[in-house]
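Please look through the structure shown below, keeping an eye on the charged side chains and on the partners they face. The paragraphs that follow take up a few of these pairs in turn.

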Amino acid sequence: MEGENKPQTSRTIRRWQLIFLAALVLAAYVFIEHRYVAERRELVLQQDDIAQALTRAELQDYGPIFEHDGALYAGAHLVNWSDTMVNGVKADSRCGVTIFQGDERIATTMVNPGTNKRATDTHASPEVKRAVLDEGRTFRGPIEELGERWLMVVTPLKDGDDKVVGMVATFQDVEQLGLQLLYFRGTLGGVMLLLFLALGLVVVQGERQQRRNAAALRGVIEDRAKQHAKFFESMTRELRTPLSALSVFVGSLLDSVQDERSREVVRRAQGETKDLLALVDDILDYARLEADNLEIRVEEIDLRRIVEQCAETVRARATARAVKLDVELPDDLPKANGDPARVQQAITNFLVAAVRATHEGRVRVRGRVDHDSVTIDVTDNGPGLSESQVMTIWDPFHVATGPAGREGGSGLSLPIARGLVQRMGGSVEASSKRGKGTTMRLRLPRASVTA
């Protein structure tokens, strides 16, 4: 399950990285576009300011501004629709020019929509009139005039008595700015898309490279673990041969010794030799499990018979510690799938561990059916384990000592038992509470379900 979750987690992380990258690129696009529009608009308005300066310079060359008989004059020069001054300013500045008397156009380069006639006798928009004529301030920005959008600068036109008698407007068509913006948006969008694709490719390739590196490292670690396991397997095999011979020798020596004190020494030596041989067997089994070199033959097994055999094997040890061993199995306990010798080894390891943890108490073995599996519980009423200790009992060579944990042993019996059961398609769990004892739970597939 853990291996299946890692690719899913990796895909989720990559997806969020790409979403964040897309949001970052989009934010950059919006920011750049906003800055471009603002700067282009300001540039157009600066060009209008230049046209404003040119127009006022032309008017000043003629003389002071004044109104006479309903007409507008600059010195002796009549400002009207036939005035060529506005055309000259437009040619120099490339901006449109309009001169208003009040809010009425009297000289302009602007034409009515659909015609080539100048838009004289037309009036400024209410917004421009209010800002310039009524409030006496300069208008700068977009405005709709004669059905078109313009970027316009409009300033008050004053006579010699500092009275506002009209306006000077310079303008450019917003449509030209829109075309420039459209071209810029297309170019910027293409660049940002390419940038996103390039960065996205970097993210994906980086994540893939990390997976490849992790897989390669995992392969190296697994190879080294297998090599170490094979080394331990070879070493324990070499140790087992002389230990077996030593065990036979000590057994034969016991028959030839007559003195009781000497016989006791030989008995102790025989016991230590058997314990050492059992330790070597445990190391050999664990090494084979780690190297995936342990032969398992799964078949239908009678769990009731195996549990009873295990109980008989451990009963003498339990009696020596004043521990009562109870076996409670239902009469209809079904057959399971497993290797009979390895199931017996696993259950025996659980029973021995439970007896070690209990003194003058009880160890109870129970069985039940859970739909598609058969469960065996081994429960003691010893001092129990803390949560942290329960998490470490499956660690190899971990031995808990004292009243808080299971005592003695090599620290391999429980990891071996779990490894054996897992290779038979089953599972092993442990639960414990301080002062409440410990339960080891073994599950094997039902023969009728998986057959």
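Is E135 buried, partly exposed or exposed? In this predicted model, E135 has a relative accessible area of 46% and is therefore partly exposed, since the buried class ends at 20% and the exposed class begins over 50%. Its partner in a salt bridge is R137, with 2.6 Å between the closest N and O atoms, and R137 is likewise partly exposed, at 43% relative accessible area.

Side chains of opposite charge can pair when their charged atoms come close. Another such pair joins R140 and D49, whose side chains meet in a salt bridge at 2.8 Å from N to O. Here the two partners belong to distant parts of the chain, because R140 sits in strand β6 (residues 139-145) while D49 sits in helix α1 (residues 2-62), and 91 residues separate them. R140 counts as partly exposed at 36% relative accessibility, and D49 is partly exposed as well, with a relative accessible area of 30%.

A pair within one helix is formed by E312 and R315, which both belong to helix α6 (residues 303-320) and stand three residues apart, about one turn of the helix. Their side chains form a salt bridge of 3.4 Å, N to O. E312 counts as exposed, with 53% relative accessibility, whereas R315, at 29%, counts as partly exposed.

Salt bridges can also be linked to one another, and in this model a network of them connects R368, D370, D377, E429, R441 and R443. Altogether, the count of salt bridges comes to 18.

Conventions. Residues numbered from 1 in each chain as written. Predicted model: local features only at pLDDT ≥ 70, side-chain atom pairs only at ≥ 80, totals over all residues. Heavy atoms only, no water. Salt bridge = Lys/Arg side-chain N within 4 Å of Asp/Glu carboxyl O. Helix = DSSP H or I, 4+ residues; strand = E, 2+ residues; numbered from the N terminus. Buried < 20%, exposed > 50% of the residue type's maximum accessible area, 1.4 Å probe, protein only.
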